[in-house]
Amino acid sequence: MRFMMIVKHAENQGPPPKELMDAIAKLTEEDAKTGTILANGGLKSTAQGANVRLSSGRVTVTDGPFTEAKEIIGGFATFELKSKQQAVESAVRFMELHTKYWPGWESVTEVREMYGPEEGIPTK
């Protein structure tokens, strides 16, 4: 089963501490050795992004920053795991690194199962 973990937080919290990034790199390396992590990454500020919106049959592009957003997606990871419980445990390990290396930082990691080929939707 494939899962995506989407990290959401307030904009402009500053760059993460080096110690946190080192701990995340170690965790990612461990997950790579077990073959469970498929992809991951952190996202830069919305000021460097754009929204492409389809509404009422029209496509519009708006450059960032997205000041109306209360939370932004700050990063993601995709995993191949055996269960939702295993995915939640992985997200908990990730969030616990933040409590240790970035006290006071607040976030939500959303855990979502991805559609797979068994449902007729290609994953690649």
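Where in the chain does serine 56 lie? Serine 56 sits in the loop between E3 and E4, and this spot makes a good landmark for a walk through the structure. Keep in mind as we go that the model is a predicted one.

Let us begin with the overall layout. The chain has 2 helices and 6 strands, and read from the N terminus the elements follow the order β-α-β-β-β-β-α-β. Measured out along the principal axes, the C-alpha atoms occupy a box of roughly 45 × 40 × 20 Å. The chain counts 124 residues, of which 26% are buried. Its accessible surface comes to about 8,700 Å², and 55% of that belongs to carbon and sulfur atoms. As for the contacts between residues at least 6 apart in sequence, 75% join residues at least 24 apart.

Now back to the landmark. The backbone of serine 56 has a phi near 55 degrees, a positive value in a residue other than glycine. Serine 56 counts as exposed because its relative accessibility is 76%. Asparagine 12 also has a positive phi, near 60 degrees, and is likewise not a glycine. You will find asparagine 12 in the loop between E1 and H1. With a relative accessibility of 69%, asparagine 12 counts as exposed. One more backbone feature deserves a look: the peptide bond that runs from glycine 64 to proline 65 is cis, with omega near 10 degrees. Proline 65 belongs to the loop between E4 and E5.

The strands on either side of serine 56 bring us to the surface. Val52, Leu54, Val59 and Val61 together make a nonpolar surface patch of about 440 Å². Strand E3 (50–55) and strand E4 (58–63) are the elements that give two or more residues to this patch. Leucine 54 is placed in strand E3. Why does leucine 54 count as exposed? The cut-off for exposed is over 50% relative accessible area, and leucine 54 reaches 64% relative accessibility, so it counts as exposed.

For a contrast, turn to histidine 9, which is found in strand E1 (residues 2–9). Is histidine 9 buried or exposed? Its relative accessibility is 15%, so histidine 9 counts as buried; the limit for that label is under 20%. Leaving aside residues up to four places away in sequence, histidine 9 touches Lys70, Glu71, Ile72, Gly74, Trp105, Glu106 and Ser107. A distance to try in your viewer is the one from histidine 9 to glutamine 48: the two are 39 residues apart in sequence, and their C-alpha atoms are 17 Å apart in space.

Charges come next. The chain carries 15 positive and 17 negative charges, and the mean positions of the two sets are 2 Å apart. Side chains of opposite charge can pair when their charged atoms come close. How many salt bridges does a search of the whole structure find? The search finds 5.

One of these pairs glutamate 80 with arginine 2, where the closest N and O atoms are 3.1 Å apart. This pair links distant parts of the chain, since glutamate 80 is in strand E5 (residues 72–80) and arginine 2 is in strand E1, 78 residues apart. Glutamate 80 is partly exposed, with a relative accessible area of 32%, and arginine 2 is partly exposed too, at 22%.

Another salt bridge joins the side chains of lysine 18 and aspartate 22, with an N to O distance of 2.8 Å. Both residues lie in helix H1 (residues 18–34), and their spacing of 4 residues is about one turn of the helix. Lysine 18 counts as exposed because its relative accessibility is 57%, while aspartate 22 is partly exposed, with a relative accessible area of 41%.

A further bridge connects the side chains of glutamate 110 and arginine 112, at 2.7 Å from N to O. Arginine 112 is partly exposed, with a relative accessible area of 46%. Which residues are linked in a network of salt bridges? They are Lys8, Glu110 and Arg112.

Conventions:
Residues numbered from 1 in each chain as written. Predicted model: local features only at pLDDT ≥ 70, side-chain atom pairs only at ≥ 80, totals over all residues. Heavy atoms only, no water. Patch = residues over 30% accessible without salt bridge, like charges linked within 9 Å, V, L, I, M, F, W, Y side chains within 5 Å. Areas by Shrake-Rupley, 256 points an atom, 1.4 Å probe, with all protein chains shown as cover. Salt bridge = Lys/Arg side-chain N within 4 Å of Asp/Glu carboxyl O. Buried < 20%, exposed > 50% of the residue type's maximum accessible area, 1.4 Å probe, protein only. Contact = heavy atoms within 4.5 Å. Lys, Arg positive; Asp, Glu negative; His and termini not counted. Charge placed at Lys NZ, Arg CZ, Asp CG, Glu CD.
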